[in-house]
Amino acid sequence: MPALHDTSDAGLSIQWPLPPHDPEESPNGQAVRLGVMASGNGSNFEALVTACREGRLHGEVSLLVVNKPQCGALQRAERLGVPCLLLDHRLHDSRESLDHALITAFRQVRADLVVMAGWMRIVTPTLIAAFPNRLVNIHPSLLPSFRGIDAVGQALAAGVTLSGCSVHLVSEEVDAGRILVQAAVPVLASDSRERLAARIQRQEHRLLPLGVRLAARALGIEGQ
Ligand code: GRF
């Protein structure tokens, strides 16, 4: 069944709308210090860096942690001049051990919020407890639909005509924490997984900085 929606940005729907960040709003305000975790291409990491540098997010990416030596996120960090740390999961004998290393790294840079931007590892309650209400994830579906891996493939297989992406707080149940903000994206009859994933990613890059602002505002960080 064909989707009835167009492919423009008009498909974006946002809960808890916030006005665009006004740099004059809090000129002396505290910038949010962000730690970012990524395993892959890193386009969401770069979207956060860009939002900070363009003034759409009153923050700074203080540290990127990657778990794969050759990943695109690491190369982006080098190009963008963002401090980057490799914590190779293969050198850790447990998830706990890796998460302890993450906690140490993000505490060292005094991260206010930690953003999982394509972190392809399950995190432990230890990491979640270290950053209560401060650990944010982005997922390529309209949660609570299509949790877990291959959310885009799951959406296509289910035949939905509307999918999207969600920014949410991380809880112990995978992809089930409090939703901060979502964007709806139409699914077209002609969509391949790659085409739908690309359309969703365009919205992710807009949504993630907004989700981070919402998380920071809920904690009373932004604009203090
Ligand atoms: C995104 O689609 C995100 O929703 C998911 O992993 C992907 C990461 O993409 N968690 P990128 O590495 O940021 O390009």
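Let's start at the ligand. Around it sit Gly40, Asn41, Gly42, Ser43, Asn44, Gly118, Ile138, His139, Pro140, Gln201 and Glu204. Keep in mind that this is a predicted model.

What classes of residue make up that shell? Two are nonpolar, eight are polar and one is charged.

Now the polar contacts. Take Glu204 to begin with. One of its polar side-chain atoms is 2.4 Å from an oxygen atom of the ligand. Next, Ser43. Here an N or O atom of the side chain lies 2.5 Å from a ligand oxygen. Then Asn41. This time the partner is in the backbone: a polar backbone atom of Asn41 is 3.3 Å from an oxygen atom of the ligand.

How much of the ligand does the protein bury? On its own, the ligand exposes 370 Å². The protein buries 84% of that.

Where do the shell residues come from? Three elements give two or more residues each: helix H1, residues 43-53; strand S5, residues 135-139; and helix H6, residues 193-218. You can find Ser43 at the start of the H1 range.

Let's step back to the pocket. The ligand takes up the space of the largest pocket. That pocket has a volume of about 900 Å³. It is lined by 35 residues. Which of them are closest to its centre? Those are Gly118, Trp119, Met120, Ile138 and His139. Gly118, Ile138 and His139 are also among the residues surrounding the ligand.

The lining has its own mix. It divides into 17 nonpolar, twelve polar and six charged residues.

Which elements build this lining? H1, S5, H6 and helix H5, residues 151-158, each supply at least two residues. The largest share comes from H6, with four residues.

Two backbone details before I stop. The first is a cis peptide bond. It joins Leu143 and Pro144, and omega is about 15 degrees. Where is Pro144? Look in the loop between S5 and H5. Both of those elements contribute to the pocket lining.

The second detail is Arg110. Its phi is near 55 degrees. That is a positive value, in a residue other than glycine. Arg110 also lies in a loop, between helix H3, residues 95-108, and strand S4, residues 113-116.

To recap: the ligand takes the space of the largest pocket, and the protein buries 84% of its exposed area. Glu204, through its side chain, is in polar contact with a ligand oxygen, and so is the side chain of Ser43.

How values were computed: Residues numbered from 1 in each chain as written. Predicted model: local features only at pLDDT ≥ 70, side-chain atom pairs only at ≥ 80, totals over all residues. Heavy atoms only, no water. Near = heavy atom within 4 Å. Polar contact = N/O pair within 3.5 Å; in protein donor to acceptor, adjacent residues only side chain to side chain. Areas by Shrake-Rupley, 256 points an atom, 1.4 Å probe, with all protein chains shown as cover. 1 Å grid on protein atoms, 1.4 Å probe; cavity = no way out; pocket = protein on both sides within 12 Å on 5 of 7 lines; lining within 4 Å. Sits in = over half its atoms within 2 Å of the grid points. Nonpolar A, V, L, I, M, F, W, Y, C, P; charged D, E, K, R; others polar. Points joined across faces, edges and corners; volume = space filled by probe spheres on them.
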